[in-house]
Amino acid sequence: MRNWILIGFFVFSILDQLYCQLSGVEIEILGIAQDAGYPQIDCQKSCCASVWEDSTGSKSPVALGVYDHDRQKSWLVEATPEIKWQWNRIVRSSSAIPSGILITHAHIGHYSGLLQLGREAMNARNMPIYILPRMAGFLTNNGPWKLLLDLGNITLNYIHPDSTYQLSEQLSYMPLLVPHRDEFSETAAFIFIGPTKRLLFVPDIDKWSKWDRNIIQLIQTVDYALIDGTFFENGELPNRDISEIPHPFIIESLSLFENLSVDQRDKIYFIHFNHTNPLVREEPVALQKVLKRGMHVSQEGMKFKL
């Protein structure tokens, strides 16, 4: 009898732990690379060469899974070229398809995966897409995206900067307008607001100094900050004019944030790594420069309780 009691207690303990892990609001990192993923197409340089031989080191473009486990609902943030793998990860984690997709802007790594919702692939029915007005206009007036609307694969939900929107009773979000190469659409960042914590998601921005918000003050209002870490430092793209793609270098961000308190720096997670960025390969020298300053490097599979 005593053995059966011990076994019952053990099983109850395991089930209780599983329930705790799958309750509440949670955000999962589904990809950490820049739009084209890692390795990047046609790159035969040392930064990508080894990954062509061993794909276990590959990384997907940036995306998030957002979960309200109590209500068995989920949402996908960004529709990347790797959407089918990221979608499947959400389904396996939440036992249901996403209830909608939030998109930041019209660069290929953030919206081109919408094509997988079309009749040649998933043939989705009225999947809600949450986007800013100019992005909505781009999808409405241009093929092949317009066909997704005409066939009822997707529906557009207009959102506006600095307004708060409910996803569920215990989960909301606020889009923020950020300066970025806005050829086809404006660019959004998001603050996700759970029952007890807030997460800032800024995968793309030109330079912190170009934003009409103070990133240091903004970090102090949230509990986690997933921010643009596209390039580690200048010189990563010797054959291109880096001023045409002016992301904040990580070394610039490290200097900008170095006077924050230990607790504030602990909130920061760099993400959206270009294939040339040594952090996408977790190279020790670059990694230690970030970690020694009390900040973090995002990894696929990381989860944040809200």
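## Surroundings of Gln-170

In this predicted model, Gln-170 touches Gly-24, Val-25, Asp-68, Asp-70, Arg-71, Ile-193, Gly-194 and Pro-195, leaving aside residues up to four places away in sequence. With one of these residues, Asp-70, the side chain of Gln-170 forms a polar contact of 3.0 Å.

Gln-170 lies in the loop between strand E7 and strand E8 (171–178). Its relative accessible area is 19%; the limit for a buried residue is under 20%, so Gln-170 counts as buried.

## The sheet from E7 to E13

Strand E7, which precedes the loop of Gln-170, belongs to an open sheet of 7 strands with mixed pairing, arranged in the order E7-E8-E9-E10-E11-E12-E13. Strand E7 (165–168) and strand E13 (296–297) each have a single partner strand and stand at the edges; one side of each is therefore left without a neighbour in the sheet.

Within this sheet, strand E11 (residues 224–228) and strand E12 (residues 268–271) run parallel and are joined by 4 bridges. Leu-226 stands opposite Tyr-269 of E12.

## The sheet from E6 to E14

Another open sheet, also of 7 strands and with mixed pairing, follows the order E6-E5-E4-E3-E2-E1-E14. Its edges are strand E6 (154–158) and strand E14 (303–305), each of which pairs on one side only. Strand E3 (residues 73–77) pairs with strand E4 (residues 101–102) in the parallel sense over 2 bridges; the bridge partner of Leu-76 in E4 is Ile-101.

Helix H3 (residues 83–94) packs on this sheet and touches strand E1 (25–31), strand E2 (63–68), E3, E4 and strand E5 (127–131). The direction of H3 makes about 20° with that of E2. Helix H5 (residues 133–141) likewise packs on the sheet, where it touches E5 and E6. The direction of H5 makes about 155° with that of E6.

## Overall dimensions and packing

The protein contains 10 helices and 14 strands. Its radius of gyration is 20 Å, close to the 19 Å that the globule rule gives for 306 residues, so the protein is as compact as a globular protein of that length. Along the principal axes, the C-alpha atoms fill a box of roughly 75 × 50 × 45 Å.

Of the 306 residues, 52% are buried. Among contacts with a separation of 6 or more, 69% are between residues 24 or more positions apart. The protein exposes about 14,600 Å², and carbon and sulfur atoms supply 52% of this area.

Notes:
Residues numbered from 1 in each chain as written. Predicted model: local features only at pLDDT ≥ 70, side-chain atom pairs only at ≥ 80, totals over all residues. Heavy atoms only, no water. Pairing = 2+ DSSP bridges. Buried < 20%, exposed > 50% of the residue type's maximum accessible area, 1.4 Å probe, protein only. Polar contact = N/O pair within 3.5 Å; in protein donor to acceptor, adjacent residues only side chain to side chain. Contact = heavy atoms within 4.5 Å. Axes fitted to C-alpha atoms, helices over the stretch in contact; angles between N-to-C directions. Rg over C-alpha atoms; globule rule 2.2 N^0.38 Å. Areas by Shrake-Rupley, 256 points an atom, 1.4 Å probe, with all protein chains shown as cover.
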